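Work through the exercises below with the model open. Try each task before you read its solution.

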Amino acid sequence: FKAADGKVYFDVNDFDESILAPVTRDLIRLLASILVARKTLDIDRSESLELCHEFLQTYCQTLAEGKAQAFDRESAKGMVDQLLEKLEGRSQQDFLDSRTVFEGKARRLRLDGKKTLAVDAKQRSEVKAAMAVFANQQAELEPLEMLDVARRIAGTGSLGIERFVILVEDEGSADKNRLLDLKESLPSSLPSTVAQPQWESQAHRIVAVQQRLRASELTLLSPLSLQGRSFVLRELQPSEDRVVLDECKKFSQVEGVIRSLAKVVAAGHLRGSEWRSSAPKADLLAFATRQGWQQTLIEVAQDCASQVKSDWRDFAAAFDEGLMA
């Protein structure tokens with residue numbers, strides 16, 4: 001993603017489910033993902049387990065070093081560096097043009113009926129009022145004026161959640177226009193026995209954790225209230241800006257990406273230490289050098305992967321029988 005400082009970074013993207021919990025939650029989920037993706041990556045079971053060990057080894061090494069590295073063009077390697085190079089060379093103007101059309105001399109959002117849908121008059125009025133309040137609170141920024149708004153569909157995880165793409169006039173951006181993403185914030189679906197920090201709203205939780213754990217901040221990232229509901233506002237980022245693992249031609253390329261992911265996760269955990277009741281950094285460093293837990297985590301991840309595959313088979317069978325209509 002391109003950050004507020006103008007540089008491109010490789011980092012965690014989604015903080016909607018963020019909670020205070022043991023760091024092993026993140027590790028198990030990622031390990032399970034590697035195992036579930038085995039067929040997609042065209043690797044055998046032994047190779048997927050090798051990737052799991054590679055991930056944990058790199059994670060522990062990074063954690064033990066105690067340095068939260070940022071992944072930009074200077075530090076990234078392999079496919080991650082190739083991705084950042086592509087982003088660095090892309091024009092904000094081209095991205096704006098791909099999402100908008102001209103009506104006379106005025107830009108309007110492109111409505112494709114699938115990812116971008118029309119809003120009704122009530123929704124337009126509510127979003128415009130919320131954006132006006134936000135703009136008035138940002139004294140250090142150039143004035144923002146909403147030009148257009150549309151409903152946005154982006155991924156299965158967002159289904160049923162109010163989400164909008166907003167075209168605003170912004171003197172400091174390409175062609176004096178900018179695209180913003182406004183997404184409803186719901187409580188995390190992840191259970192936890194740990195007492196959680198108190199947040200002003202779910203959007204404040206998501207924004208605060210993101211600001212703490214990422215190496216650099218997104219443009220205009222802010223909590224926003226819309227008719228008493230909690231939303232996160234940020235600059236719209238292209239959804240295709242990611243490393244596509246099944247395009248890897250060599251196993252070594254997959255290994256390189258997995259090592260990068262391990263460093264990103266470790267860096268996030270280090271930045272989150274000693275904040276909002278989270279563990280002190282010294283505890284994380286001790287955890288990194290402790291022996292024995294890594295194999296246990298891989299075994300738990302294998303159980304999780306088996307459960308995911310079983311759930312998918314049940315879902316697919318129900319869908320084929322017409323039970324999901």
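Helices (H or I, at least four residues) and strands (E, at least two) are DSSP runs, numbered from the N terminus. The model is predicted: local features need pLDDT of at least 70, side-chain atom pairs count only at pLDDT 80 or more, and totals for chains, interfaces and linings use all residues. Residues are numbered from 1 along each chain as its sequence is written, and side-chain values use heavy atoms, with hydrogens and water left out.

**Exercise 1. Place Glu235 and decide whether Glu235 is buried or exposed.**

Step 1. Find the element: Glu235 lies in strand S8.

Step 2. Apply the cut-offs: buried means under 20% relative accessible area, exposed over 50%, partly exposed in between (1.4 Å probe, protein chains only). Glu235 has 10% relative accessibility, so Glu235 counts as buried.

Step 3. List the neighbours, where contact means heavy atoms within 4.5 Å. Leaving aside residues up to four places away in sequence, Glu235 touches Gln92, Arg178, Leu179, Leu180, Asp181 and Thr219.

**Exercise 2. Trace the sheet around S8 and state the order of its strands.**

Step 1. Use the pairing rule: two strands pair if DSSP finds at least two bridges between them. The order is S3-S4-S5-S6-S8-S7, an open sheet of 6 strands with antiparallel pairing.

Step 2. Find the edges. They are S3 (116-117) and S7, each of which pairs on one side only.

Step 3. Check both sides of S8. Strand S6 (residues 177-184) pairs with S8 over 5 bridges, in the antiparallel sense. Leu182 has Leu233 in S8 as its bridge partner. S7 is also joined to S8 (residues 229-235) by 5 bridges, again antiparallel. Here Ser225 stands opposite Ser230.

Step 4. Look at the turn. The hairpin of S7 and S8 has 2 residues between the strands, and Gln227 takes a positive phi near 55°.

Step 5. Split S7 (residues 222-226) by face. Ser222, Leu224 and Leu226 form the covered face; Pro223 and Ser225 form the uncovered one.

**Exercise 3. Which residues of helix H9 are buried, and what do they pack against?**

Step 1. In H9 (residues 281-289), the buried residues are Leu284, Phe287 and Ala288.

Step 2. Explain the pattern. The arc is that of the directions from the helix axis to the C-beta atoms. These residues cover an arc of only 100°, which puts them on the same side of H9. An α-helix has 3.6 residues a turn, so residues three or four places apart point the same way.

Step 3. Turn to the other side of H9: Ala282 and Thr289 are exposed there.

Step 4. Name the partners. The buried residues of H9 pack against helices H1 (24-36), H3 (45-65), H8 (251-272) and H10 (293-320).

**Exercise 4. How many salt bridges does the structure hold? Compare two of them.**

Step 1. Set the criterion: a side-chain nitrogen of Lys or Arg within 4 Å of a carboxyl oxygen of Asp or Glu. The structure holds 12 salt bridges.

Step 2. Take Arg259 and Glu54, whose closest N and O atoms are 3.3 Å apart. Arg259 lies in H8 and Glu54 in H3, so the pair ties together parts that are 205 residues apart in sequence. Arg259 is partly exposed at 31%, whereas Glu54 is buried at 18%.

Step 3. Take Glu126 and Lys122, with closest N and O atoms 2.6 Å apart. Both lie in helix H6 (residues 121-137), 4 residues apart, about one turn of the helix. Glu126 is buried at 14%; Lys122 is exposed at 57%.
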